[in-house]
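Let's take a look at the aromatic rings in this one and see who sits beside whom. Here is the structure to follow along with.

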Amino acid sequence: MKTDTEQMRVPYDQWCLERVSKQPFCNRNGISYYKFNYWVKKFRRDNANESISRKGFSQIAIQQPPLPQPQRPLLASFIFASGARLELFTALDSFFIKELAN
């Protein structure tokens, strides 16, 4: 026998894929709106708690560019509140910047 969590996970996953509002989804599938809304909040809270527990350091694989040569002009320089300094001597690839944001 399936638990309530197992029973509600199937419609929740389907609803996430369909990207429709809850009320029409519930009407079409014969589910109580209030019960479904409870489970949506619970699954979202559980997913948020799971992602928080996985936070920490992540390894980012980068290719080591050649060290900047003194004759290369400085493109940009950033000084952070901590005192750390970042100097760019060449434009960065957008994929590299995107990996930093993740």
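## Ground rules

A residue counts as buried when its relative accessible area is under 20%, and as exposed when that area is over 50%; partly exposed covers the range in between. Keep in mind that this is a predicted model.

## The Y12 and F43 pair

Searching the whole structure turns up seven aromatic pairs. Take Y12 and F43: their ring centres are 4.9 Å apart and the planes meet at 45°, so this pair is tilted. Y12 belongs to helix α1 (residues 4-18) while F43 belongs to helix α3 (residues 33-53), so the pair ties together parts that are 31 residues apart in sequence.

Are these two rings' residues buried or exposed? F43 has a relative accessibility of 1%, so it counts as buried. Y12 is buried as well, with a relative accessible area of 6%.

## Y33 and Y34

Now for another pair. Y33 and Y34 sit edge-to-face, with 5.5 Å from centre to centre and 80° between the planes. Y33 comes in at 26% relative accessibility, so it counts as partly exposed. Y34 has a relative accessible area of 67%, so it is exposed.

## The cluster, and a charge over a ring

Which residues do ring pairs link into a cluster? They are Y12, W15, F25, F36, Y38, W39 and F43.

F43 also has a charged partner: the charged end of R9 sits over the F43 ring, 4.0 Å from the ring's centre. So, to recap F43, this buried residue pairs with Y12 in a tilted arrangement and has the charged end of R9 over its ring.

How values were computed. Residues are numbered from 1 along each chain as its sequence is written. This is a predicted model: local features need pLDDT of at least 70, side-chain atom pairs count only at pLDDT 80 or more; totals for chains, interfaces and linings use all residues. Side-chain values use heavy atoms; hydrogens and water are left out. Rings of Phe, Tyr and Trp (its six-membered ring) pair if their centres lie within 6.5 Å; planes under 30 degrees apart count as stacked, over 60 as edge-to-face and the rest as tilted. Helices (H or I, at least four residues) and strands (E, at least two) are DSSP runs, numbered from the N terminus. Buried means under 20% relative accessible area, exposed over 50%, partly exposed in between (1.4 Å probe, protein chains only). A charge sits over a ring if NZ of Lys or CZ of Arg is within 6 Å of the ring centre and within 35 degrees of the ring normal.
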